[in-house]
Amino acid sequence: MQSKQQTLERFKIVRLFLTIYRIRAVRALFPVAIIALVYWEGQHELKQVHLGLIMRELRRVPTSAVLQMIGFALLAVAVMSAYDYLIRAHFRLKVGLWDTFRYAWIANTFNNLIGFAGLAGVGLRTLMYKKSGVSTSVLTPAIVFLSPLMITGLSLLSWANIFGLLPATALLEEHHWLVFAVWGMALYLPFFVFVQRSALYAKWINRGQGRTPWLTVVASVGASFLEWSFAGVTFWTISSHLLHEVHFPVIFGIFTIAAIAGILSMAPGGIGAFDLIALLGLTQLGFKSDQAMAVLVIFRLFYYLIPWLIGLVLAALEFGLQGKKGQDRSAPGFEPALNIWQRIWGWPGQYTFLSDLGVWALGKLVLASGLILLLSTATPGLLYRLKITEEILSFSIMQLSHHLSVLIGFMLILLSRGITLRVRSAYIWTSILLFSGSVFAVAKGFDYEEALFLLLVALILWISRSRFYRISAPVSRQSTIWWLALTSVIALSYYLLGSHVHRGFLKHLPPGVEPEWLQRHSHVAFTAVGGLAFSWIILTLLITLRPHRKPEELFGNFDMARLKNFLGEVQGNALTHMLFLGDKSFFWAQEGKVLLAFARVRDKLVVLGDPLGERSLMNEAISEFRQAADKYGLVVVFYQATPDFLSIYHEQGYRFFKLGEEALVTLDTFTLSGKKNSDLRSVCNRFEREGYAFEVVEAPHAEDLLRELRSVSNEWLNGRTEKGYSLGWFNEAYLQLAPIVLLRNAQGTILAFASIAHGYDQGMTLSIDLMRHRKNVPNGTMDYLFVRLLEWAKSKGYHRFNLGNAPLSSVGENAGALKEEKLAHLVFKRGGHWYGFVGLRRYKEKFSPEWEPRYLAYPASIALPILTLDLVRLVSRHPRAEE
């Protein structure tokens, strides 16, 4: 009995731990705790690191050794393609051998740099293999198969560490927590083999084709073993060149434990945890902290950064040459496939995903070009190159080239965003700056390596020039602040790096070299501030003085005469009358046969209601509008879309969010008779006994009437600001377009009024528009006004009356609804303090309407919460600015 109770208690503990682990904050704290622990253990060694001494160690490496280290690093990355060849053979993927290697290089280098967790690799492999025609049903099991096997090789090396083949005894004895990490990683291998051979894995991953063959299991572990072994050999090669007398097993053991710490930290590339553990291990062997840190810098540069830059080039060529300019941009249904890493690294999600990755890679190449230029200018040049360059060009030209290189570096960083957004002018300026930067890189100190890299990026840009078609892109305040902060941090880093490197470098010069001669090249504070300031000034001038910077100037206009003629030929809707408010722009598509009325908020063009015109042209008209908006980096959203058009929006790749329901009263069957309408009859009888009068005033309206109506409106507003966009406001020119209904008391004073909106559907529908009343009106005032208005519309031969929208009505009521709609339902039920959602629905139910849903149609690339905030901003925009 006691054992059963203990078992139950264990289960409770397990459930408690699982519950705690599911909390995102706790999961996020785990890697932070690992990195903090590693930092605490290695803080003494970090204090001994001097940047100037590290640069001295790096400068002492001969060219032959550099080439050898780069060669081993590139070979180590190439070996990682064994993963892709393994899934190609196991899942019989119909992909060429060279394509497989190319995909592997791109996915693995991004995965190395961005994170060991594998998110980048999974996302990129999915994009590239789908591009090659591999179906999702085949690709998904392949990706699932690949993800868990990538650390089996490290697990195998952990056993070698435990059995003393790769000794790191001193490191484990001084930092005991690493023993648990090594054992945990070692036990992963038998667990992996057990899962691979299980019946459940055979059913779900192998698609019922039996258990995973032993040959495949061994090949999987072998592929991972090759990856980690070659990475360790690369680490040892770099260590042997910089530290000289090192023993292969010991260095390899330190690398293994550092890699395990990097995996546990779950940081991008294991950065932080890997480096500190490796630093601890190398300093325990008696090497200086500066020498050990130089090994880590070279390893990061050659094994991570340089292969990633090659991967960027391959990605740019792989995805940047798909078709001609604007391909598929007008095709209905394009929907970007975003991954987590894409959102973090610049959000390349506004356009088609295949070509986006190539342009995104080009943007990062341009960003890397700017950083490389800044790094080159912040660190001292090679002495013999500086002397040769000064003999040829003179010191003044070198100094000018130095400062211009810094300015170009900052400009390239800022323009990289424009490259990602496909802006044509950004491409032109970037190409000019890349060419100029290559010239100045040679002129400032014969840095031909940087010059060749810049020219290579310029060549790739030129090859992909057809991708840069946008006239402009939105420049928001938030993005401007973000980029200003980023460039300021880069400028500060440039100053700190340059000042510390030059100070330490000058202290350790070889005999016979004059420090004064080198100090003339190291005015880093002035250069950093000047480069940052001038780059922003130039960019601001380019943005301010560029032509056509407002897209409304090209495809937005307020031609009311054309609108009236158009509505005489086509059928409108309940929102059409609001187009006369003058706060919306018009896009005439399909040679003027389709109208889309919209207003802009940030980077979104929000169309009010459905497009107007011939239905057969709607799909092409929406594509035409989206393509025109895309030239300016804008996206198109449809607000209050009706069910009749959902199939068209679906073909365009839109997603939907239910905004609420609209109350439509069928006038042919409307009556006050019956028990259900007894309250309305009582209200009408009371108001008629007390001498209240209902009146319909046709346009044009007298100035005295409008003046009195404005006083009613101001009293109703009570200091509040008018809403706009989808709501009418008190605009005298607008009120002159339709009849106004009045409710007067026995003394003839106007107590309430409502304006009427035509449906523009051959006299079938009327809608309520602006409704206002005085503060102290009798109960039932608006009930009486509505009843008499409905009876008047019925007498005039109208068949339907639109009472307006009930926001969030019937949203998120089903168990399977989206979480955003469930949240909206909660707001509908509990949000009466801010807005009477339930009360408004209940009030309109008095008139027995039929409820018709209204939707928000938006592209999948837009985050719904951000879109919601933008719509609130749009509706709350002060309408008087639009009058």
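**Entry 1: H4 against H13**

I began with two helices that turned out to be roughly antiparallel to each other, H4 and H13. In this predicted model, H4 covers residues 63-79 and H13 covers residues 214-243, and I read an angle of about 170 degrees with the axes 8 Å apart. Since angles over 145 degrees count as roughly antiparallel, the label follows from that angle.

I then listed the side of the contact that belongs to H4, which consists of Ala65, Gln68, Met69, Phe72, Ala73, Leu75, Ala76 and Val79. From H13 the partners are Leu226, Glu227, Phe230, Ala231, Val233, Thr234, Thr237, Ile238, His241 and Leu242. Sorting the residues of this contact by class, I noted 13 nonpolar, four polar and one charged.

**Entry 2: H9 against H14**

Next I looked up H9, residues 152-162, and H14, residues 248-265, whose axes lie 10 Å apart at an angle of about 130 degrees. How are H9 and H14 oriented to each other? They are oblique, because 130 degrees falls outside the ranges for roughly parallel (under 35), roughly perpendicular (65 to 115) and roughly antiparallel (over 145). I also recorded the handedness of the crossing of H9 and H14, which is left-handed.

On H9 the contact is made by Leu154, Leu157, Ser158 and Asn161, while H14 supplies Phe252, Gly253, Thr256, Ile257, Ala259, Ile260 and Ile263. I counted the classes here as well, and the contact of H9 with H14 divides into seven nonpolar and four polar residues, with no charged ones.

**Entry 3: confidence**

Before going further I checked how far the predictor trusts its own model, and found a mean pLDDT of 75 for the protein, with 75% of the residues reaching 70 or more. Which elements have the lowest and the highest mean pLDDT? Helix H17, residues 340-344, has the lowest at 38, and H9, the helix from my second entry, has the highest at 90.

I also looked at two stretches where the pLDDT is under 50. Over residues 1-14 it stays under 50, and for these residues the model has zero contacts beyond four places in sequence. Over residues 41-50 the pLDDT is likewise below 50, but that stretch has 19 contacts in the model beyond near neighbours in sequence.

**Entry 4: backbone details in loops**

I went through the loops for unusual backbone geometry and noted a cis peptide bond that joins alanine 699 and proline 700, with omega of about 0 degrees. Proline 700 sits in the loop between strand S7 (693-697) and helix H31 (703-717).

Arginine 92, although not a glycine, has a positive phi of about 55 degrees. I placed arginine 92 in the loop between helix H5 (82-90) and helix H6 (97-114), and found it exposed, with a relative accessible area of 65%.

Serine 848 is also not a glycine, yet it has a positive phi of about 50 degrees. Its loop runs between helix H35 (837-844) and strand S12 (850-859). Is serine 848 buried, partly exposed or exposed? I found a relative accessible area of 37%, which makes serine 848 partly exposed.

**Entry 5: the whole chain**

Last, I took stock of the protein as a whole, in which I counted 36 helices and twelve strands. Of its 883 residues, 52% count as buried. Among contacts between residues at least 6 apart in sequence, 77% join residues at least 24 apart.

Notes: Residues are numbered from 1 along each chain as its sequence is written. This is a predicted model: local features need pLDDT of at least 70, side-chain atom pairs count only at pLDDT 80 or more; totals for chains, interfaces and linings use all residues. Side-chain values use heavy atoms; hydrogens and water are left out. Axes are lines fitted to C-alpha atoms, for helices over the stretch in contact, and angles run from 0 to 180 degrees between N-to-C directions. Helices (H or I, at least four residues) and strands (E, at least two) are DSSP runs, numbered from the N terminus. A crossing is left-handed if the near helix is turned anticlockwise from the far one by less than a right angle, and right-handed if clockwise. Contact means heavy atoms within 4.5 Å. Ala, Val, Leu, Ile, Met, Phe, Trp, Tyr, Cys and Pro count as nonpolar, Asp, Glu, Lys and Arg as charged, and the others, Gly among them, as polar. pLDDT is the predictor's confidence in each residue, from 0 to 100. Buried means under 20% relative accessible area, exposed over 50%, partly exposed in between (1.4 Å probe, protein chains only).
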